[in-house]
Structure formats: structure tokens, C-alpha cells
There are 2 protein chains.
Amino acid sequence: MTAGGGSVGPVETRFFTFAEPPTGLPLECGRSLGPVTLAYETYGSLNPERSNAVLVLHALSGDAHAAGLHDGEKTPGWWDDMIGPGKGLDTEKYFVICSNVLGGCKGSTGPASTNPRTGRPYGLELPVLTIKDMVDAQSRLVESLGIKKLLAVVGGSMGGMQVLQWMVSYPDRIRAAIPIATTLKHAPQQIAFDEVGRQAIMADSNWKEGEYYGGPLPSKGLAVARMVGHITYMSDASMAEKFGRRLKSEGEPGKFGTDFEVEGYLRYRGDSFVKRFDANSYLYITKAMDNFDLLAERRLAEVFRGLRARVLVIAFKSDWLYPAYQSKEIVKACKLAGVDASYCEIDSTYGHDAFLLEVEEETHLIQHFLRTATENGHGAREGERVSDEIRAQNHT
Amino acid sequence: MTAGGGSVGPVETRFFTFAEPPTGLPLECGRSLGPVTLAYETYGSLNPERSNAVLVLHALSGDAHAAGLHDGEKTPGWWDDMIGPGKGLDTEKYFVICSNVLGGCKGSTGPASTNPRTGRPYGLELPVLTIKDMVDAQSRLVESLGIKKLLAVVGGSMGGMQVLQWMVSYPDRIRAAIPIATTLKHAPQQIAFDEVGRQAIMADSNWKEGEYYGGPLPSKGLAVARMVGHITYMSDASMAEKFGRRLKSEGEPGKFGTDFEVEGYLRYRGDSFVKRFDANSYLYITKAMDNFDLLAERRLAEVFRGLRARVLVIAFKSDWLYPAYQSKEIVKACKLAGVDASYCEIDSTYGHDAFLLEVEEETHLIQHFLRTATENGHGAREGERVSDEIRAQNHT
């Protein structure tokens with residue numbers, strides 16, 4: 001699954017604060033928010049023309065730390081396999097930026113941040129946030145780095161929704177876009193899984209309408225939410241491969257302890273998540289995903305009208321959370337708007353997680369796409385030329 | 001979806017108590033349980049030869065009340081569409097029996113029943129129960145009704161697992177078997193969804209290690225478990241048809257109230273479930289499903305060795321919880337054992353719920369199958385002759 005390449009080495013998270021009150025950042029809900037801080041990291045160097053910047057956009061549980069190592073830590077950033085010298089996003093060529101989303105809990109302004117009006121954490125006083133709000137905040141960060149036009153925006157899952165929102169909100173500020181395993185709008189099954197996660201959090205007696213900061217955390221509810229999520233990130237086949245019906249006995253057999261490996265895995269993932277994630281951020285961010293709907297006020301043909309960026313849409317065959325038909329709809333919207341778009345469906349059994357795991361195929365696709373996108377605005381479609389392992393098809 | 005036919009009219013639940021201590025009912029875990037009560041209902045009349053009895057087996061949340069109306073109630077039993085005069089299980093021909101499973105909470109012995117040793121509810125003192133234990137208890141009920149050989153055993157989902165267990169445990173006591181939307185063994189994805197439900201219940205601070213009887217119930221956790229279940233019973237497509245992204249605003253928009261119809265539906269289903277189901281029963285019954293594995297101690301060819309009953313296996317195309325490949329494996333096991341088995345895959349968008357909803361197709365299939373199964377032990381395979389709506393295929 002790896003594709004070679006080196007590490008960007010030691011990195012640090014930085015912070016950009018803007019939108020001081022009273023003006024603040026105008027939000028889609030009509031309210032404004034300020035000051036806003038975005039945590040971000042950069043890898044590689046911005047060229048003198050400031051034309052080699054690639055913005056990486058993270059998924060629900062991601063953060064600004066996409067690559068390299070923080071001081072004293074051994075686990076690299078969440079997309080280290082894709083970002084570094086010689087990797088898919090080659091830091092010898094590109095200046096890669098990643099920021100924690102607005103509403104997050106890893107250094108950006110979110111429900112755990114201090115409300116300047118009260119001096120206490122926002123909790124549910126934080127206004128409702130949308131994918132558009134996240135992208136508007138990112139655009140301020142990009143401006144602050146002196147970048148007028150991004151070479152590319154890239155991201156999977158909720159990161160892909162942000163890519164699509166960039167294509168709509170800032171079509172003149174991107175040259176290329178790579179939405180991966182994502183959708184133009186959240187469908188009811190996707191909303192339903194998120195809603196179960198939210199209900200699990202809000203059912204936790206420690207949640208207290210979101211005012212739990214300084215007290216016991218709604219960890220059990222958040223762990224259940226994460227467990228639901230993890231099932232949807234895998235596939236029936238990948239679970240069968242990874243776990244089968246192998247036993248892992250802890251406690252009295254059958255007495256609702258951990259009988260099967262798959263149970264142990266889910267509990268572990270749930271328990272480790274609550275150490276690093278804020279339950280209220282989970283509520284705000286999943287709601288932003290559920291409210292995402294680029295077709296709400298536009299017909300399919302109008303979504304990307306006027307966009308001149310080139311687009312590479314990637315989907316995964318076994319992804320049932322963001323099924324391939326949703327990626328094909330993105331391609332269709334591009335084609336209807338005359339946008340130069342390619343579609344690649346990678347034949348993986350990993351389910352939705354594939355966007356983090358199918359590194360070799362993604363590396364080939366993205367390296368080639370970025371190379372032609374920089375060299376030539378009207379090159380051939382990339383998806384058709386990659387290795388035989390990849391069933392690439394051009395959707396018309 | 002309906003298929004005509006009449007109602008069995010007013011019905012009453014009855015109770016059969018057996019296995020008095022100290023002997024009790026021997027359980028698969030090595031312990032014994034007694035006394036055991038099974039709640040059951042019957043519809044139609046047993047013929048003088050006692051050869052027309054059909055045992056209906058219910059799914060996770062079902063009960064003995066499969067058809068007709070209880071005094072003062074307006075909602076008929078859970079499979080009323082299939083059971084009645086002229087219906088799929090025609091009560092003018094057949095004597096239909098349905099019992100609440102061992103471990104249940106609708107009149108059969110389960111965790112809420114009184115432990116004779118303590119005078120208090122069993123709670124988690126109840127031994128671990130298996131699908132085999134459920135079937136062993138049912139076989140005692142069937143004996144008590146004077147029936148040596150059942151015409152057929154029929155059930156979907158967990159009811160289908162009981163059908164398969166009957167085929168293994170009591171091959172000489174059934175003439176026909178109809179396992180619907182089920183599996184020879186629970187796969188890790190199925191275990192994972194059950195485990196999330198159990199974790200949601202056990203995360204509820206009212207659960208108290210199962211000793212909540214007489215106090216506040218772990219209703220929030222059980223509601224979350226039911227919500228997870230409901231998502232898995234539907235399909236991406238059926239949810240899109242039923243809800244789309246239609247809004248149902250209650251409370252401040254976006255503030256984690258009910259924004260979308262699908263959210264309102266899930267909350268409603270969760271909330272109504274907790275009024276009729278015991279959380280500990282949910283734990284015991286899901287664990288019995290997760291432990292179900294007819295291949296644990298046998299090769300596929302040996303599972304149904306010696307079975308002379310005829311078998312009709314039904315699956316649904318959009319059922320992703322119990323996918324069709326699992327039903328095909330049942331058929332394969334039958335074929336390898338020389339059992340006369342037919343396979344029908346109904347082209348439905350309802351997902352797993354289809355076994356309760358695709359009444360017309362099931363009626364045709366089951367009526368025809370039972371007719372030939374009673375007339376002739378070696379008739380043609382039924383699945384191939386039904387209406388064009390049904391894509392029937394004989395798996396070899």
C-alpha cells in the first residue's frame with residue numbers, strides 16, 4: 001500500500017488568528033464569529049511565483065497535522081503516506097498546507113474555545129457552522145500566506161466536500177481540484193449514521209447540553225459514536241478479512257465482554273478516540289456534513305458553472321458510505337458545466353477507509369494529475385493512463 | 001405489497017411452562033434453566049393427523065403475537081400480512097404456531113423474569129443463551145401440542161437462524177423449511193453493528209450492570225441501539241425514497257434538534273421501541289445471534305447432512321445486513337448435502353426490512369412451496385415458476 005518517498009521530518013503546528021470582533025467572520029447562518037483561529041501546518045516551500053501551493057482538507061476526525069513528526073511523537077501526521085519528498089503530494093515540488101477545520105478541537109476555533117463574551121467555553125453557544133464557513137475561513141488563511149491562487153485543493157470524505165465547496169465558492173482561486181470518496185450532498189443514510197452518533201453523545205448523562213467542560217466528559221457516548229463511524233468506514237469484506245469470527249476473550253465468555261476480535265477493535269477505536277476528540281466538535285462537524293447540499297439551490301448543470309479548474313474525482317468500489325454513484329454525480333455535474341473532469345474508481349476492498357489506505361494507486365493518480373495540471377491546462381485525461389490495477393473510467 | 005386474504009380475528013397469547021428445577025432445560029453453555037415459560041399463539045386448526053403445523057420464528061424484536069388482534073388493540077401481529085385465511089400461511093389449511101424466544105421480554109423467560117433462587121429478576125444472572133437453546137425450548141412447546149413432525153418452519157433474519165438450527169437439531173421433525181434473509185453464521189460486520197447497540201445500552205448510566213428493574217430504565221441507550229438497527233434494516237435507496245433530504249424542523253435549526261425527516265423517523269422508532277422492549281433482552285438476544293455459527297464445528301457439506309426436509313431459501317437484493325451471498329451459502333450447504341433446496345432472490349429496494357414488506361412475492365413463493373411440499377416430496381423446484389417480478393435462480 002505504501003508508495004515510497006521520504007518524510008517531511010519535524011513539523012510544528014502554527015496558528016492564524018483573524019476576524020476580530022465586532023466584524024468577525026460572516027457565517028452562513030447569518031451570525032458572525034470572531035476572533036477565529038485556525039491551526040495549520042505547511043510542508044515544502046512556496047516558490048517565488050507563489051504558484052505551487054496545495055491545500056489539503058481533512059475528514060471528520062482529522063486535524064492540521066497531516067504529515068511529518070511533532071517533537072517527541074512517533075506517529076506521523078494522518079496523511080504522511082501521501083505528503084513528503086517524492087510522495088503523491090511531493091514536498092520537493094509543492095508547498096502543502098493543511099488546517100484544522102473551523103469547529104474542530106485541534107487548535108482551531110470550536111465549541112471548546114473560549115467565548116469572548118462570557119470568558120467560558122462556547123459549548124452550544126457557538127453558531128451552527130457549515131462546510132462553506134469552513135472553506136471561507138481557510139480562504140483567509142490562504143490569503144494570509146500571500147497565495148492568490150492555489151495549485152490544487154485535495155481531500156477525502158468531508159475533506160472532499162470542502163474541495164467541492166472551494167470549486168463553488170472560489171472557482172478563480174484554484175487551478176485543480178481532487179475530491180475523493182465524497183458527495184455533492186449528504187444522503188439520508190449518511191445523515192442517519194451521523195444522527196445515531198449525535199444521539200449517542202447526547203444520551204450520555206455527562207453531556208449536560210454541551211456544558212461539560214471542566215467536569216467529566218461524555219466519553220461513553222462519544223466512543224459509541226466513533227464505533228458506529230468505524231463500521232461505516234470499513235466494508236463487510238474488509239471486516240471479514242481483518243477479523244473473521246476470531247475470538248478474543250476478555251471477561252466471562254458471552255457476558256457482553258469482548259468475545260470477538262471485531263468487538264475488541266471497535267472498543268479500542270472508541271476508547272482511543274475520546275482521548276483526542278471533543279464531543280461537541282463531533283456534533284458541530286457532523287451537522288455541517290449533514291447540512292451539506294450543493295444541489296439545494298442549484299440544478300446539477302449549474303453547480304460548477306464557470307469553473308476553469310481541472311478536476312480529478314476518485315472513488316472506491318467497496319465504499320458503501322460514500323458510494324461510487326455519488327462520485328459519478330460529481331463528474332456529471334462537471335461535464336454538464338463543461339469542466340475538464342476525470343473519474344477513477346479504485347478497486348479496493350477497504351470501504352471508505354480506502355482513501356487513507358490505497359496510497360499507491362492514489363499516488364500514481366495524483367502525481368500524474370498534478371504534473372499535467374501544472375504543465376498544461378488542456379492535457380489528456382489522467383485517469384485513463386494509469387496502471388492496470390486501476391479501473392479508470394471516464395464518465396460522460 | 002399486500003396480497004389479499006383475511007384476518008385470523010381476535011387472538012390471545014398463551015403460556016407454556018416446563019423444565020421445572022432441579023432438572024430444568026439443559027443449555028448449550030452447560031448450565032440449565034428452569035422453570036422455563038414460552039409465550040405463544042396459534043392460528044387455524046390442527047388437523048386430525050396433526051400434520052399441518054407450521055412454526056413461525058420471529059426476529060430480534062418480534063414476539064409471539066404474529067397475527068390477528070389482541071383485545072382492545074388496533075395494530076395486528078407483526079406478520080399479519082402473511083398469516084390468515086387465504087394468505088401466504090393460510091390458516092384455513094395450516095395450524096400456525098409462533099412463540100416468543102427464550103431470552104425475550106414478551107412473556108417468555110428472559111432476563112426480566114424472576115430468578116427462583118433469589119426472588120428477583122435474573123438480570124445478568126441469566127445464563128448465556130444461544131439460538132440452539134431457543135430452538136430446544138420451542139421443540140418442547142411443539143411436543144406439548146401433540147405435534148411429532150412440523151409441516152414447516154419459517155422465519156426471517158434471526159427467525160431464519162432458528163429455521164437453520166431446526167434443520168440441524170431436529171432434521172426428522174420438519175418436512176419443509178423456509179429460511180429468509182439470514183445466514184449460516186454471523187459475520188464480523190453483523191457482530192459489529194450488534195456490539196455498537198450493546199455498547200450504547202451499557203453506556204447508559206441507568207443500565208447499572210443490568211440491575212435496573214424497579215428503577216429508571218436505560219432507555220436512551222436502548223433507543224440508540226434501535227436507531228442503529230433501523231438504519232441496517234433499510235437501504236441507501238429506500239431511505240432516499242422515503243425521506244430524501246426533506247426537512248422537519250423542531251427546535252432551533254441546526255442545533256442538534258430534528259432537522260431532517262430521517263432524523264425524526266429514527267428518533268421516533270428509538271423512542272417507541274423502549275416502551276416495549278427490555279434492554280437486557282436486547283443484550284442476550286443479539287449475543288445469541290453473534291454466537292450463531294453452524295460452521296464452527298462442521299464443514300459446509302456436513303451442516304445439513306441427512307436432512308430430508310425440502311428447503312426454500314429467500315433473499316432480497318438490497319439487503320446489505322444479510323446479503324444475498326449469505327443465503328446462497330445456505331443453498332450451497334443444502335446442495336452439498338443432497339438436500340432439495342430452491343433459492344429465490346427478490347428484487348426489492350427495501351433492504352433487510354423487505355422480509356416483512358415484500359408480502360406479495362413472499363406469498364406467491366411460500367404458498368406454492370408449501371402446496372408442493374405437502375403434495376409431493378419430489379416436485380419441481382418452486383422458485384422457478386413464480387411471477388416475472390421475481391428473479392428466481394437455482395443456485396448449484
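I began with the interface: 100% of the interface residues of chain A are also interface residues in chain B, so the copies meet through the same surface (two residues are in contact if their C-beta atoms, placed from the backbone, lie within 7 Å).

I noted that this is a predicted model, in which local features need pLDDT of at least 70 and side-chain atom pairs count only at pLDDT 80 or more, while totals for chains, interfaces and linings use all residues. Residues are numbered from 1 along each chain as its sequence is written, and chains are lettered from A and ligands numbered from 1 in the order in which they are written.

I then looked up who takes part: the contact takes 45 residues from chain A and 45 residues from chain B. Helix 3 (188–203) and helix 6 (261–274) are among the helices of chain A that each supply at least two residues of the side touching chain B, and helix 3 gives the largest share of that side, 12 residues.

I checked the symmetry by superposing the copies (least squares on the C-alpha atoms of residues with pLDDT of at least 70 in both): a turn of 180° and a shift of 0.0 Å along the axis lay chain A on chain B with an RMSD of 0.0 Å. That is the relation of a two-fold axis.

For the single chain, I recorded that 57% of the 396 residues of chain A count as buried (20 or more other C-beta atoms within 10 Å of the residue's own, these atoms being placed from the backbone). I also found that the C-alpha atoms of chain A fill a box of roughly 60 × 55 × 45 Å along the principal axes.

Key
Buried ≥ 20, exposed ≤ 12 C-beta atoms within 10 Å, placed from the backbone. Helix = DSSP H or I, 4+ residues; strand = E, 2+ residues; numbered from the N terminus.
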